[in-house]
Amino acid sequence: MRWIPALGLAVAAASAPMWAAAQAANEVRYGPVPAWVRPVQAPVFDADGGAALELVLMDTQLRMEAESLKLFDRRVVRINRREGLQPLGNIFYSWNPDTEVFFVHTLKIRREGREIDVLADQRFEVLRREENLESAMLDGRLTASIQIPGLQVGD
């Protein structure tokens, strides 16, 4: 049986000059994939069903500019067993708002040949989670979180 890639998240975290990052780095930005990103087709593969999750595609592209470094990161993951539902049901991404801007381009579920756009109905929530709070150390990092409803084995 042949399977097509299932769950994809395309994000870009751009390390930008301080004046640019300060403008709205405390929130998640949404928009189309930048023109500099080269499209990479996710492969069609035969699912072996052994692993709960299968990483089908890991596409990371970097762009160096005069005052910034831009990172585009895309993952396509297939859920083969129930144990794979929980790790993909909650997606987190952490960034430093002083030096980085976090963009989300797409979050889709592929099910039975059709795509479900998760971002059509919901957005990431921004959390301030201090890693070393018990040591009285504040790093200022933010975490974007989203719960994906209705995931199924085979997505």
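**Entry 1: two strands side by side**

How many bridges link β7 and strand β11, and in which sense do the two pair? I looked this up before anything else. β7 and β11 (residues 142-147) run antiparallel to each other and are joined over six bridges. A note to myself: I am working with a predicted model, not an experimental one.

I then picked out single pairs along this stretch. F92 sits opposite S145 of β11. I91 has I146 as its bridge partner in β11. My textbook reminder for this page is that strands in a sheet pair through backbone hydrogen bonds, in a parallel or an antiparallel way.

**Entry 2: the rest of that sheet**

Next I asked which strands make up the open sheet and in what order they come. There are three, in the order β7-β11-β10, and their pairing is antiparallel. β7 (90-95) and β10 (125-128) are the edge strands; each has a single partner strand, so one side of each has no neighbour in the sheet. From one strand to the next, the twist averages 30°.

On the β10 side, I counted through the pairing with β11 too. These two strands are antiparallel and share four bridges. One of the pairs is R128 with its bridge partner L142 in β11.

Is β11 mostly enclosed or open to the outside? Five of its six residues are buried, so the rest of the structure largely encloses β11.

**Entry 3: a closer look at I146**

I146 belongs to strand β11, so I wanted to know how much of this residue can be reached from outside. Its relative accessibility is 2%, and I146 therefore counts as buried, because the cut-off for that is under 20%.

What surrounds I146, once its neighbours within four places in sequence are set aside? I found contacts with G89, N90, I91, L107, V118, L119, Q122, R123 and F124. I checked one of these, R123, for distance as well. R123 and I146 are 23 residues apart along the chain, yet their C-alpha atoms are separated by 6.9 Å.

**Entry 4: stepping back to the chain**

I zoomed out to see the overall make-up. The protein chain has two helices and eleven strands. Starting at the N terminus, I read the elements off as β-β-α-β-β-β-β-α-β-β-β-β-β.

How much of the chain is buried? Of its 155 residues, 41% count as buried. The accessible surface adds up to about 9,400 Å², and carbon and sulfur atoms make up 52% of that.

I also looked at how far apart in sequence the contacting residues are. Among contacts with a separation of 6 or more, 73% are between residues 24 or more positions apart.

**Entry 5: R63 and its charged company**

Now to strand β5, where I found R63. R63 is partly exposed, at a relative accessible area of 35%. Beyond its neighbours within four places in sequence, R63 touches W36, S68, L69 and K70. For W36 I noted the spacing: 27 residues away from R63 in sequence, and 7.9 Å from C-alpha to C-alpha.

The textbook says that oppositely charged side chains can pair when their charged atoms come close. So how many salt bridges does a search of the whole structure find? The search turns up seven. I wrote down three of them:

- R63 and E65 meet through their side chains, at 2.9 Å from N to O.
- K70 also bridges to E65, with the closest N and O atoms 3.5 Å apart.
- K108 bridges to E115, again with 3.5 Å between the closest N and O atoms.

Shared partners join R63, E65 and K70 into one network.

I checked how exposed the other partners are. E65 is partly exposed at 32% relative accessibility. K70 is partly exposed too, with a relative accessible area of 26%. K108 comes out at 31% and is partly exposed. E115 is partly exposed as well, at 45%.

**Entry 6: a greasy spot on the outside**

Last stop: M64, which is in strand β5 (residues 53-64). Is M64 buried or exposed? M64 is exposed, with a relative accessible area of 74%.

Which residues form a nonpolar patch on the surface? They are L62, M64 and L69, and together they have about 360 Å² of accessible area. I had already met L69 in Entry 5, as one of the contacts of R63.

Conventions
Residues are numbered from 1 along each chain as its sequence is written. This is a predicted model: local features need pLDDT of at least 70, side-chain atom pairs count only at pLDDT 80 or more; totals for chains, interfaces and linings use all residues. Side-chain values use heavy atoms; hydrogens and water are left out. Patches are made of residues with over 30% relative accessible area and no salt bridge: like charges are joined within 9 Å, nonpolar side chains (Val, Leu, Ile, Met, Phe, Trp, Tyr) within 5 Å. Accessible areas come from the Shrake-Rupley method with a 1.4 Å probe; for residues, only the protein chains shown count as cover. A salt bridge is a side-chain nitrogen of Lys or Arg within 4 Å of a carboxyl oxygen of Asp or Glu. Buried means under 20% relative accessible area, exposed over 50%, partly exposed in between (1.4 Å probe, protein chains only). Contact means heavy atoms within 4.5 Å. Two strands pair if DSSP finds at least two bridges between them. Axes are lines fitted to C-alpha atoms, for helices over the stretch in contact, and angles run from 0 to 180 degrees between N-to-C directions.
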